[in-house]
Amino acid sequence: MLTVSDVTKYYGKFKAIEHISLDFENGTYALLAPNGAGKTTLIKMITTLLAPTEGEILYNGAEIRRLGAEYRSLIGYLPQKFGFYKNNTPVQYLDYLAALKGVPKAGLKERIGKLIELVGLSESANTKMRKFSGGMLQRVGIAQAMLNDPKILILDEPTAGLDPKERVRFRNIISELSRDRIVILSTHIVSDIESIANRVIMLKDKRIYRNDTVDAIGAELEGRVYETFIPNGERMNIGGGFLLSSRQERGGASVRFYSEEKAEGTLCTPDLEDFFLVAYRDADDSAKWS
Ligand SMILES: Nc1ncnc2c1ncn2[C@@H]1O[C@H](COP(=O)(O)OP(=O)(O)OP(=O)(O)O)[C@@H](O)[C@H]1O
Ligand SMILES: [Mg+2]
């Protein structure tokens with residue numbers, strides 16, 4: 001078990017996150033928060049790349065930086081900014097990284113082949129990566145993080161730049177991988193994790209804002225999310241409500257909104273996306289809608 005125990009991180013005098021406590025067991029954990037909330041900071045501490053200013057991170061009761069190489073051999077990591085050697089093929093690249101990481105030579109060729117198959121790149125295994133799409137590169141990134149068959153797989157914004165089809169493929173890969181390990185992934189895109197996260201960890205104001213299941217978080221807004229149809233030419237009036245989304249339809253728009261007071265419209269089942277939009281409504285719009 002991995003435990004983050006009352007961790008606070010300062011960059012100089014700037015406090016990035018404070019009093020974070022979390023427990024991780026096998027399964028998929030999504031760190032869901034807008035830009036700048038502290039996702040990468042927390043992830044880098046879990047990888048030992050950064051040290052907490054206060055608090056500690058424990059693996060089976062031992063402090064991870066003290067465990068050192070023993071702990072690092074248990075983790076796989078896809079950084080948010082990931083460098084590729086574009087003249088390499090996936091096979092060459094994984095081979096090179098395996099050597100860097102000290103992955104044993106025995107059985108390595110087979111392992112690389114299996115990983116390439118797992119991420120759906122068998123047909124491009126010997127193609128130079130300069131021709132790859134963003135999604136293909138991210139999949140090479142996941143494969144390299146899996147080289148040592150990690151007990152803890154950490155993916156920082158793994159879906160950035162993926163198209164819808166690649167997102168579906170990504171979700172399937174993660175579901176497969178999370179069966180017998182801890183998977184921690186960060187994102188600010190709700191739909192990427194809605195169907196695969198066992199738990200969602202939301203950060204706000206430098207602290208944990210929610211740590212619960214997708215369903216439980218969505219259900220918090222029960223009785224406060226409405227949908228209404230606004231015919232063309234009529235002004236939208238959702239009272240003091242907060243607009244969540246609007247969809248053009250024949251003759252008008254179907255509008256989904258949040259209201260703390262009873263409002264005109266049909267009550268609907270709230271979901272994680274609704275909660276995310278409401279939770280961060282005062283934050284920068286680009287983060288909410290991207
Ligand atoms: N090396 C650093 N020095 C100073 N401040 C930093 C440093 N790294 C991050 N920060 C600040 O700490 C806060 C958290 O940053 P962090 O990168 O952890 O957020 P994030 O949730 O990963 O954001 P994004 O979604 O943009 O990747 C931000 O305000 C950021 O500007
Ligand atoms: Mg980040």
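Which residue's side chain meets that of Glu227 in a salt bridge? In this structure, which I should say at once is a predicted model, the partner is Arg256, and the separation from N to O is 3.3 Å. Glu227 belongs to strand β11, residues 225–231, while Arg256 belongs to strand β13, residues 252–258, so this salt bridge ties together parts of the chain that are 29 residues apart in sequence. The two partners can also be described by their accessibility: Glu227 is partly exposed at 26% relative accessible area, and Arg256 is buried at 13%.

Let me stay with salt bridges for a moment, since the count for the model comes to 12. Arg281 pairs with Glu260, with the closest N and O atoms 3.7 Å apart. Here Arg281 sits in the loop between α9 and α10, and Glu260 in the loop between β13 and β14, so the bridge joins parts 21 residues apart in sequence. Of these partners, Arg281 is partly exposed, at 31%, and Glu260 is exposed, at 58%. Shared partners also join Lys15, Glu18 and Arg207 into one network of salt bridges.

A further pair is Arg181 with Asp149, at 3.1 Å between the closest N and O atoms. These residues are 32 apart, with Arg181 in the loop between α7 and β8 and Asp149 in the loop between α6 and β7. Arg181 is buried, with a relative accessible area of 6%, whereas Asp149 is partly exposed, with 43%.

Turning to the domains, the assignment for this chain gives domain 1 as residues 2–217 and domain 2 as residues 219–289. Their contact takes 19 residues from domain 1 and 11 residues from domain 2, and the C-alpha centres of the two domains lie 33 Å apart. About 1300 Å² is buried between them, with carbon and sulfur atoms giving 63% of that area. On the side of domain 1, Pro34, Val190 and Ile217 lose the most area to domain 2, and together they account for 37% of what that side buries. Across this interface there is one salt bridge, along with nine residue pairs in polar contact.

Finally, the magnesium ion, ligand 2, has Thr40, through OG1, and Gln80, through OE1, as its protein donors, at 1.9 to 2.2 Å. Thr40 lies in helix α1 and Gln80 in the loop between β6 and α4, 40 residues apart. Thr40 counts as partly exposed, at 23% relative accessibility, and Gln80 is likewise partly exposed, at 41%.

Conventions:
Residues numbered from 1 in each chain as written. Chains lettered and ligands numbered in written order. Predicted model: local features only at pLDDT ≥ 70, side-chain atom pairs only at ≥ 80, totals over all residues. Heavy atoms only, no water. Donors = N, O, S within 2.8 Å, 3.2 Å for Na, K, Ca; no water. Helix = DSSP H or I, 4+ residues; strand = E, 2+ residues; numbered from the N terminus. Buried < 20%, exposed > 50% of the residue type's maximum accessible area, 1.4 Å probe, protein only. Domains from an automatic or database assignment. Contact = heavy atoms within 4.5 Å. Buried area = accessible area lost by both parts, 1.4 Å probe. Salt bridge = Lys/Arg side-chain N within 4 Å of Asp/Glu carboxyl O. Polar contact = N/O pair within 3.5 Å; in protein donor to acceptor, adjacent residues only side chain to side chain.
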